[in-house]
Amino acid sequence: MRKVYEGDIVAVEDFSLDIEDGEFITVVGPSGSGKSTLLRMLAGLEEISGGKISIGDRMVNDVPAQDRNVAMVFQNYALYPHMTVRKNMSYGLKLTSDLSSEEITDRVEEAAEMMGIEDQLDKKPAGLSGGQQQRVATGRAIVREPEVFLMDEPLSNLDAKLRAHMRTELQRIQDDLETTTVYVTHDQEEALTMSDRVVILDGGNLQQVGTPKEVFNRPANLFVADFIGSPSMNFFDVELQGSTLTGEALSYEVSPETRERINERASSDTLVLGVRPEHIHFTERDSADAISAQLDVHEPVGDDNYFYLRSNGVEFTMRVMGDYHYDEGDEISVTFDEAKMHIFDRASGNNVMVDTGRVDEQTREPTAQRT
Ligand code: ADP
C-alpha cells in the first residue's frame, strides 16, 4: 500500500508486509519517515492512496475504523478527564459492543488487574501518575479484545526508568494475550528489545524487515547500519585495491572469499567499511591489520568504556568492557575481525555481505494480517 498526502507528499511508498498472527512488530524510523501514517492507515484513520490492507481473511480497505476490530494506544493517552478510570475503560465497549454491563464490568476488572491498576478504578485520570495513565490507556485497549493492537509511541511521555519497566510489562501482556501488535517508535533500542520483527522505514521507504538480531547483525544498507545500534556503527571510506581495503585510517587485507564477494556484488571499488564499536579490540602494534589511533576522549559508562579514537584525522568509537587505564592522548593499536565487518557499496548504500537484499523474510507462510 502507499500514502500520498495532498500536495504530492509521499508519506509511505509501496509498502508490503505479511504479519503473522500473534506477532509483535515494531515500526522504527526517524521523525517523518511515515511510521504514524502507516499505523493510521492500518487503523482506518487515514485513507490509503493505493494497495490493500487485510486483517485476518478480511480486506478492510473500505471498512471504517470502528469496525476493523483493532485497538489503538497513543502517546498522549487521550483519557477522558471527567470520567473515572473504570468509565474510561468501559466507555468504548458500551458504545461499540452489545455486551451486558456485567460482562463489561468483568472485562474491565480483569484488564485492570492485568495492568496492576485495580485499586485505581474509581479515580479520575488527573489523580494518576503518567505510568498509571498509560496503564489505563492500555487497559482500555485490552478490554476490547481486538484482533490487533496498534500502538503509537505509547511510552514516549514516561521517564527512562518507567519506560523500561513498561516495555517489559507490555511484552508480558502481549505474550499472555497473543494479540498481533504493531508498535511504532523512533527508539531503536525499544524496537530491538520488544519485538519479534523490526520494520525500518526511512523517507516513507521500507529499508529492512527482520528479527532484532538480523537487523543488528546483517543490516541491509548504510541507513539501517547507522540507525540500529548504540553507539552507532563506525564507517570508514575505503577502496578495494587488490585484496586490501585502503582508506585514510586503515589498511585491511580481506580473505579471498570476501574479495570475490565484493567484486561480484559492489558496483565499484569505492566502498564503506562498517564496524560496530563493540567489535573493535586491542592488538599488537606491529600486526598487519593494526590501526594506530590516538585516544581523544575516554568516557566510562558503568562497566563499559567508550574510547573516542582518531587515526589520521578519521574519528571512530571503540567500546571496551571492564577496567582499562589509558590516558587521553595515548597511542593505541586496535583492529577487528573480518567476520564482524560490514562492507557497503558506497554508490547504492547496500551491504554487499548480506544476501537477502533489501527485505528479509518476505517469503513467509500466508498469515493472519496482510498490510
Ligand atoms: P513519522 O510518524 O515517522 O514521524 P509521519 O507518518 O507522521 O512520520 O509523516 C510522514 C510524512 O508525511 C512527513 O513528511 C509528514 O510531514 C507527512 N504528513 C503526515 N501527515 C500529513 C498530513 N495530514 N498532511 C500532509 N502531510 C502529512
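The following passage describes the domains, the largest pocket and the nonpolar cores of a predicted model. In this model, local features require pLDDT of at least 70 and side-chain atom pairs count only at pLDDT 80 or more, whereas totals for chains, interfaces and linings use all residues. Residues are numbered from 1 along each chain as its sequence is written, and side-chain values use heavy atoms, with hydrogens and water left out.

The domain assignment divides the chain into domain 1 (3-217) and domain 2 (232-353), the bounds being taken from an automatic or database assignment. The C-alpha centres of domain 1 and domain 2 are separated by 39 Å.

The largest pocket holds about 540 Å³ of space. A pocket is here an open set of points on a 1 Å grid over the protein atoms alone, where a 1.4 Å probe fits, with protein on both sides within 12 Å along at least five of seven lines, and lining residues have an atom within 4 Å of a point; its volume is the space filled by probe spheres set on the points. The lining comprises 21 residues, of which Met 72, Phe 74, Gly 92, Arg 140 and Arg 144 are the closest to the pocket centre. At least two lining residues come from each of strand E7 (70-73), helix H2 (85-96) and helix H4 (130-142), and H2 contributes the most, with seven; these elements are DSSP runs numbered from the N terminus, helices (H or I) having at least four residues and strands (E) at least two. By class, the lining contains 15 nonpolar, four polar and two charged residues, with Gly counted as polar and Arg as charged.

Met 72, located in strand E7, is classed as buried because its relative accessible area is 17%, burial being defined as under 20% with a 1.4 Å probe and protein chains only. Met 72 touches Leu 39, Ala 43, Leu 45, Ala 141 and Leu 150, residues up to four places away in sequence being excluded, where contact means heavy atoms within 4.5 Å.

The largest nonpolar core, a set of buried nonpolar residues joined through side-chain atoms within 4.5 Å, has 30 members, among which Val 85, Met 89, Ile 117, Val 136 and Tyr 183 touch the most other members. Helix H3 (101-115) is one of the elements that give two or more residues to this core, and H3 supplies its largest share, five residues. A second, separate core of 29 residues includes Val 254, Ile 291, Phe 316 and Val 334.

Conventions. Buried < 20%, exposed > 50% of the residue type's maximum accessible area, 1.4 Å probe, protein only.
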